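Good morning, colleagues, and thank you for joining this session. I will walk through a single model, starting with ring contacts and ending with backbone geometry.

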Amino acid sequence: MQQSPLAAYLQTQHCIPEDRLARIFSDLYKIRIAPATLASLIAKKADSLRIFADRVRELLSGVAVKHLDETGFRIAGKTRWLHMLCSTSLSHLRLGTGRGDIPSGLAGTIIHDCWPPYLALEAVEHGLCNAHLLRELQAIIDHDKEPWAADMKDLLSDALTLTQIAHDQGKPAVSPEQAHQIHQRFDACCDQAIKFHEGLPPLARPTKTGKRGRPKRRTGHNLARRMQTHKAAILLFFDDLNVPFTNNEAERDLRMTKVRQKVSGSFRTETGAENYCILRTVVETARKQSWDVLRALSTSPVQLVRELNTLHQIQLDSVAG
């Protein structure tokens, strides 16, 4: 039995800390390994797989549609940020210097949640996560009872249904008539919302003297203006059937990171967090490639990179064909 791949798998995929790993090895395999030794084995395994993680990042730069997301994580008592860059076949997790330390040099289409630093990325086409928008619209419906929000929610649902029908029928796009109707409805919803809010009495300014700046807007007003501004990114899934409706790909890939924090707590060192990012990159990518995860962690990194290159080329050829 190879302790290093198994320990890396149990800690990365099942969030088991080193002291409990030591008990598992003792109870199941009658092997006595100190927690510090297990931590060293896991660190060495991560370091050996760094070339694989780097190659995943390189391949992602050339993928047509990519997903971006980030999450806070406690490291040595301080909040740091883990950044996810992924596609349907590749996942890369890294430790950033801050929340705004997002990937650079990207091309193609990026799907994200409308966070301003993502929007500031140039030389890319932006697609927004409509699951986030649907939740915001539902909140406006529930709390503020604004009719335009229900109309916009119905519009996005109708647009998604039309893209699914086009996919099922093997069509490259929805019909021009359907596209024109959806875009008209979108514009009408935004106009309705903005006119509705502009007709309301302004919100009271803060009571502090000397307070300047634009008048405060209501939540629904801000949402409508944001949707009007980013219409092209919101409806990109509708105008280009290769673009997904949501950013769930990245959110799913980050989910186990939050589970890990709840189960095992924060990282004590940045090195430990970086090792976790490398191993998580391997595990997530292996699953997306339909590899056996334990085999992937046991395989020579050079061989693993070779297999990834081959499969990636096959996938590119399949898309091109």
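I begin with Arg-260, which lies over the face of Tyr-276, at 5.7 Å from the ring centre. Please bear in mind throughout that this is a predicted model. Tyr-276 also belongs to a cluster, in which ring pairs link it with Phe-73 and Phe-267. Tyr-276 therefore carries two kinds of contact here, since the cut-off for a charge over a ring is 6 Å from the ring centre, and the Arg-260 distance is 5.7 Å.

A second arginine deserves mention beside it. The charged end of Arg-99 sits over the ring of Trp-115, and the distance to the centre of that ring is 4.2 Å.

Let me turn to the aromatic pairs. How many aromatic pairs does the structure hold? The count is 7. One of them joins Phe-25 and Tyr-29, a tilted pair with 5.9 Å centre to centre and 45 degrees between the planes. Both residues lie in helix α2, which covers residues 18–29, and they are 4 residues apart, about one turn of the helix. Are the two partners buried or exposed? Phe-25 is buried, its relative accessible area being 0%. Tyr-29, by contrast, has a relative accessible area of 38% and is partly exposed, because that value falls between the limits of 20% and 50%.

The next pair is formed by Phe-52 and Trp-291, and it is tilted as well, with 6.2 Å centre to centre and 50 degrees between the planes. This pair links distant parts of the chain: the two residues are 239 residues apart. Phe-52 is in helix α4, residues 50–61, while Trp-291 is in the loop between α13 (270–288) and α14 (293–298). For Phe-52 the relative accessible area is 0%, so this residue is buried. Trp-291 has 12% relative accessibility and also counts as buried, because the limit is 20%.

I now step back to the chain as a whole. The protein chain contains 15 helices and 5 strands. Its C-alpha trace spans about 75 × 60 × 35 Å along the principal axes. Of the 321 residues, 45% are buried. The accessible surface comes to about 16500 Å², and carbon and sulfur atoms account for 52% of that area. As for contacts between residues at least 6 apart in sequence, 64% join residues at least 24 apart. On the electrostatic side, there are 43 positive and 35 negative charges, and their mean positions are 8 Å apart.

Two individual residues illustrate the buried part of the model. The former is His-112, which is found in strand β4, residues 109–112. With 0% relative accessibility, His-112 counts as buried. Which residues is His-112 in contact with, leaving aside its neighbours within four places in sequence? The list includes Leu-68, Tyr-118, His-126, Cys-129 and Asn-247. Ala-296, for reference, is 184 residues from His-112 in sequence and 29 Å from it in space, C-alpha to C-alpha.

The latter is Cys-189, placed in helix α8, residues 176–198. Its relative accessibility is 7%, so Cys-189 counts as buried. Not counting residues up to four places away in sequence, Cys-189 touches Trp-148, Asp-151 and Met-152. The C-alpha atoms of Cys-189 and Lys-153 are separated by 9.9 Å, and these residues are 36 apart along the chain.

I close with backbone geometry. What is unusual to check at Cys-15 is its phi, which is positive at about 60 degrees although the residue is not a glycine. Cys-15 lies in the loop between α1 (3–14) and α2. It is buried, with a relative accessible area of 3%.

Lys-30 also has a positive phi, near 55 degrees, and is likewise a residue other than glycine. Its place is in the loop between α2 and α3, the latter covering residues 35–48. Is Lys-30 buried or exposed? Lys-30 is exposed, because its relative accessible area of 69% is over the limit of 50%. Helix α2 is thus preceded by a loop that holds the buried Cys-15 and followed by a loop that holds the exposed Lys-30.

Key. Residues numbered from 1 in each chain as written. Predicted model: local features only at pLDDT ≥ 70, side-chain atom pairs only at ≥ 80, totals over all residues. Heavy atoms only, no water. Phe/Tyr/Trp six-rings, centres within 6.5 Å; stacked < 30°, edge-to-face > 60°. Buried < 20%, exposed > 50% of the residue type's maximum accessible area, 1.4 Å probe, protein only. Lys NZ or Arg CZ within 6 Å of the ring centre and 35° of its normal. Contact = heavy atoms within 4.5 Å. Areas by Shrake-Rupley, 256 points an atom, 1.4 Å probe, with all protein chains shown as cover. Lys, Arg positive; Asp, Glu negative; His and termini not counted. Charge placed at Lys NZ, Arg CZ, Asp CG, Glu CD.
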